[in-house]
Amino acid sequence: MASAETSASEKAGSSQKKKIGLVLQGGGALGAYEAGAIECLYEHGMECAIVSGASSGAVNAVILAAAKGYPPDVLKKMWREFAVDPKLPLPSPIRHAWSAFGVPHMYRPRLDIWEAQTWTYFANNTPLKETLEQLDWDQVNDPDHMRVFLSATNVDNGQKQYFSNTDGQHLAVEHVLASGSFPGGFPWTVIEGRRWWDGGLAENTPLKPIIEHLKDNEAETMPIYTIDVNTGAGPTPANLMEVWLRMFEILLQNSMEADMKRAGSYGRFIKVLKEIEKNKYVPEDAEIRNSPDWKKVMDYVHLRHLHVIDMKKPGGDSPSDFAPESIERRLAEGREQMCAHL
């Protein structure tokens, strides 16, 4: 296994790397687990060719696509810049909740307390906007470099939407902000007159756009890694904060399980249809063969190498805990747990 300190020669030679797909969930500060897991994948000679993300997973996805150096190093640098260190001898609970006063390069709390009665959000995400504006968006929008999909939720009708750099679409800073506009925490993001909230509300594990945009024989050969930072099993909550965190995990986990079961059903359905096509059970001159629906279904693919990596977290591991030691622990544990899976 490659060491954590990968040499320059090992970091080079992208054409020699095995192409993979990534599905990155939202989870606030838990996104550091994903950065650690990605580091292990790259250490094992892999490189992302297609990625989808929701919320903090969308931030990871875009940073990965925009990376100018070795992608895991760029991701780790970003997460370390997000760390919040009050530099005061504070009790541990206060230290780990210090993000309430803002997170560098991500958000700052509102100060117009006199308007609190009409607030629809607590924090301003302008720092994240400024961080994202520094990225190479020409590289992000090159689908030959990496296909990117970000989920968001329409505030007015609750429907999910995938923003992408494929099919003639163009990604920009506001699409990442939309995917991470957690209700109540950040303002909704307006794009072309429509209001968008966090992608995790409607689809926190955006596997569907990956399935629909695999090319050639990728469904047969390309490993797809879904990094689950919202585990289903967990310790009994010991306080109200842990109750809230556990409830949130269960909601997101149930959504993911439904998505994975749906993907499995699609897979079985596609397999049967491919057999029907292969054995010519439907006559060549059948009218249905000329329908757009038939052609679309025949283009569907059956994933053969889908991996779900369940990140084992300590009880009470909060998405709002941006303490430096918490970020470092997640980076290390994300890498260790992915390497253990491999």
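How many salt bridges does the count come to? In this predicted model, the count comes to 20 salt bridges. Three of these pairs are described below, followed by the largest pocket, a nonpolar surface patch and some local features of the backbone.

Glu218 and Arg147 form a salt bridge in which the closest N and O atoms lie 2.8 Å apart. Glu218 belongs to helix 11 (residues 218-221) and Arg147 to strand 5 (residues 147-154), so this pair ties together parts of the chain that are 71 residues apart in sequence. Both Glu218 and Arg147 are buried.

A salt bridge within one helix is made by Glu212 and Lys208, both of helix 10 (residues 208-212), with a distance of 2.8 Å between the closest N and O atoms. The two residues are 4 positions apart, which is about one turn of the helix. Glu212 has a relative accessible area of 38% and is therefore partly exposed, the range for this class running from 20% to 50%. Lys208 is likewise partly exposed, at 34%.

Arg330 and Asp321 are joined through their side chains in a salt bridge with an N to O distance of 3.9 Å. The cut-off for a salt bridge is 4 Å, so the pair is counted. Arg330 and Asp321 are both buried. Salt bridges with shared partners link Asp317, Asp321, Arg329, Arg330 and Glu333 into one network.

Leu331 lies in helix 14 (residues 324-341). Its relative accessible area is 4%, and Leu331 is therefore buried, the limit being under 20%. Between the C-alpha atoms of Leu331 and Arg80 the distance is 9.5 Å, although the two residues are 251 residues apart along the chain.

The volume of the largest pocket is about 1200 Å³. Its lining consists of 42 residues, and those nearest the centre of the pocket are Tyr107, Trp244, Ser318, Pro319 and Ser320. Two or more lining residues are given by each of helix 3 (56-66), helix 5 (92-95), helix 9 (200-203) and helix 12. Helix 12 supplies the largest share, with 6 residues. By class, 22 of the lining residues are nonpolar, 17 are polar and 3 are charged.

Trp244 is one of the residues nearest the centre of the largest pocket, and its place is in helix 12 (residues 240-278). Trp244 also takes part in a nonpolar surface patch, made together with Met247 and Leu251, of about 320 Å². With a relative accessible area of 39%, Trp244 is partly exposed. Patch residues need over 30% relative accessible area, so Trp244 meets this condition.

Positive phi values occur at Lys87 and His105, neither of which is a glycine. For Lys87, phi is about 55°. Lys87 is located in the loop between helix 4 (71-82) and helix 5, and with a relative accessible area of 70% it is exposed. For His105, phi is near 65°. His105 is part of the loop between helix 5 and strand 3 (108-109), and at a relative accessible area of 39% His105 is partly exposed.

Conventions
Residues numbered from 1 in each chain as written. Predicted model: local features only at pLDDT ≥ 70, side-chain atom pairs only at ≥ 80, totals over all residues. Heavy atoms only, no water. Patch = residues over 30% accessible without salt bridge, like charges linked within 9 Å, V, L, I, M, F, W, Y side chains within 5 Å. Areas by Shrake-Rupley, 256 points an atom, 1.4 Å probe, with all protein chains shown as cover. Buried < 20%, exposed > 50% of the residue type's maximum accessible area, 1.4 Å probe, protein only. 1 Å grid on protein atoms, 1.4 Å probe; cavity = no way out; pocket = protein on both sides within 12 Å on 5 of 7 lines; lining within 4 Å. Points joined across faces, edges and corners; volume = space filled by probe spheres on them. Nonpolar A, V, L, I, M, F, W, Y, C, P; charged D, E, K, R; others polar.
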